[in-house]
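Me: Could you take a close look at one residue in this model for me, and then show me how its surroundings fit into the rest of the protein? I'd enjoy a connected walk-through rather than a list.

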Amino acid sequence: MILFSPDVSFNDLIGNRSVYLSLPLTYLLSAILMCTPKRLKVTLFLLGIFIATAAFKAYWQKAKGFDTVESAWLFSGAWHTHILRTGIRYFSFYTDAGNFGASMGMFTVVFGIITIISKQNITRIFCLGACILAGIGLMMSGTRGAMIVPFGGLLLYVLLSKSMKAIISCSIFGVLIFSFFYFTDIGDGNVFIRRMRTAFRPGEDASFNVRLENQKRFAYYLADKPFGVGIGGRIVDTKGLMELNEDFIPTDSYYVGVWVEGGIVGLCLYITLQALILLRCCYLLMFRIKNDQLRKILAALLCGVFGIWLNGYVGRSMGFQPSSFIIAVFLSFVLNGVYMDKRLKKDEIIV
């Protein structure tokens with residue numbers, strides 16, 4: 001549909017080939033390879049190392065400044081969104097601070113949950129360290145929209161846990177964090193906390209209001225284009241006329257991008273597919289997987305994916321690397337959960 005739109009140019013198809021070539025191949029290989037408890041443990045260990053590296057790089061940017069390449073990128077125009085009056089948004093070795101923050105938010109909820117359910121002290125310490133570093137990275141990114149990732153993930157975990165203890169502890173934790181940011185001014189002297197606090201008051205956020213206004217403009221231009229403008233297509237607001245592939249109205253979020261390229265039909269199909277995958281994963285976790293710890297670990301992975309899916313309304317992280325790759329890996333583990341469960345005893349400890 002979006003590949004064969006008359007508005008699509010050959011350069012758009014080449015420039016966005018990851019959408020229909022690399023990403024499907026990633027899901028295929030992940031589904032084949034991510035299918036054993038041992039590989040799950042190795043993946044979590046490698047992600048912990050990755051988080052530490054990303055957090056260290058962000059700290060290096062804060063303490064030592066940006067290197068030559070990063071400075072060139074910032075001065076080419078990215079400084080408008082990264083060097084702000086409220087403070088600098090650090091992006092580690094990610095494409096931008098929005099991608100960095102959402103990814104760290106996903107890792108925060110995943111490793112936070114695994115810390116709670118781990119039975120081995122060394123594993124608990126490792127996952128707690130990864131969770132803390134990811135949380136610090138989330139704050140340093142200054143990405144306010146990424147705050148939905150851990151909150152959304154915790155909400156889904158409460159629904160999947162089937163444990164009154166988990167429901168109570170996660171609910172109390174969520175209420176405390178929300179109350180801290182929404183009802184108090186504690187920590188406003190810290191630029192990262194002050195910026196994160198604005199995420200809980202979207203009506204006062206100028207950038208959020210601009211995004212809403214842009215969405216109204218998109219709705220006007222796409223009213224007679226139910227299949228969108230095609231892959232890589234862009235919309236320009238020029239004296240009430242629509243043109244493609246010039247200076248364009250920023251989509252600002254992944255789902256708005258899908259809406260522009262695939263129209264309302266493509267967006268509805270995409271969200272329906274996500275809902276079906278989510279429901280299938282929830283069904284497997286709640287009724288098919290018997291090993292208690294495996295079920296909770298896989299639930300943590302799904303919660304991370306769900307959180308970053310929610311972030312897709314205000315950010316584009318789920319469409320960039322490494323988030324899109326990690327989403328494929330996490331979903332593959334969950335969907336292969338029944339096969340993995342058959343290779344474990346009901347009470348066998350994994351981590």
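Reply: Happy to. Let's start with Ser253, which sits in the loop between strand S4 (241-243) and helix H11 (254-288). Keep in mind as we go that this is a predicted model. Ser253 has a relative accessible area of 1%, so it counts as buried, the cut-off being under 20%.

What does the side chain of Ser253 reach? One partner is the backbone nitrogen of Val256, at 3.3 Å. Another is the backbone oxygen of Tyr313, at 3.1 Å. Tyr313 also turns up among the residues that Ser253 touches once those up to four places away in sequence are set aside: Gly312, Tyr313, Val314, Gly315 and Arg316.

From the loop we can step into helix H11 itself, where Trp259 has its place. With a relative accessible area of 15%, Trp259 falls under the 20% limit and is therefore buried. Again leaving out residues up to four places away in sequence, Trp259 touches Gln215, Phe218, Ala219, Leu222, Gly228, Ile264 and Leu267. You can also follow a link along the chain here: Trp259 and Pro226 are 33 residues apart in sequence, and their C-alpha atoms are separated by 9.1 Å.

A useful serine to set beside Ser253 is Ser76, which lies in helix H4 (residues 68-82). Ser76 has 58% relative accessibility and so counts as exposed, since the threshold is over 50%, whereas Ser253 is buried at 1%. The side chain of Ser76 has a polar contact of its own: one of its polar atoms lies 2.6 Å from the backbone oxygen of Trp73.

Next, the nonpolar interior. The largest nonpolar core has 85 residues, and those with the most contacts inside it are Phe107, Phe111 and Leu302. Leu302 is a good one to display: beyond its neighbours within four places in sequence, Leu302 is in contact with Leu156, Leu160, Leu278, Cys281, Cys282, Leu285, Leu331 and Val334.

Helix H5 (residues 97-117) deserves a look too. Its 21 residues reach 30 Å from the first C-alpha to the last, close to the 30 Å expected at 1.5 Å a residue. Of those 21 residues, 19 are buried, so H5 is largely enclosed by the rest of the structure. At the start of H5, a side-chain oxygen of Asp96 comes to within 2.8 Å of the backbone nitrogen of Gly98.

What about the cysteines? Searching the whole structure turns up zero disulfides. Two cysteines worth picking out are Cys35, which is buried with a relative accessible area of 13%, and Cys268, which is partly exposed at 43% relative accessibility.

Finally, zooming out to the whole protein: there are 14 helices and four strands. Of its 351 residues, 47% count as buried. Among contacts between residues at least 6 apart in sequence, 71% join residues at least 24 apart. The accessible surface comes to about 17,900 Å², with 67% of it belonging to carbon and sulfur atoms.

To return to your close-up, the picture of Ser253 is of a buried loop residue, with its side chain reaching the backbone of Val256 and that of Tyr313.

Terms used:
Residues numbered from 1 in each chain as written. Predicted model: local features only at pLDDT ≥ 70, side-chain atom pairs only at ≥ 80, totals over all residues. Heavy atoms only, no water. Disulfide = S-S within 2.5 Å. Buried < 20%, exposed > 50% of the residue type's maximum accessible area, 1.4 Å probe, protein only. Helix = DSSP H or I, 4+ residues; strand = E, 2+ residues; numbered from the N terminus. Polar contact = N/O pair within 3.5 Å; in protein donor to acceptor, adjacent residues only side chain to side chain. Contact = heavy atoms within 4.5 Å. Areas by Shrake-Rupley, 256 points an atom, 1.4 Å probe, with all protein chains shown as cover. Core = buried A, V, L, I, M, F, W, Y, C linked by side-chain atoms within 4.5 Å. Expected span 1.5 Å × (residues − 1).
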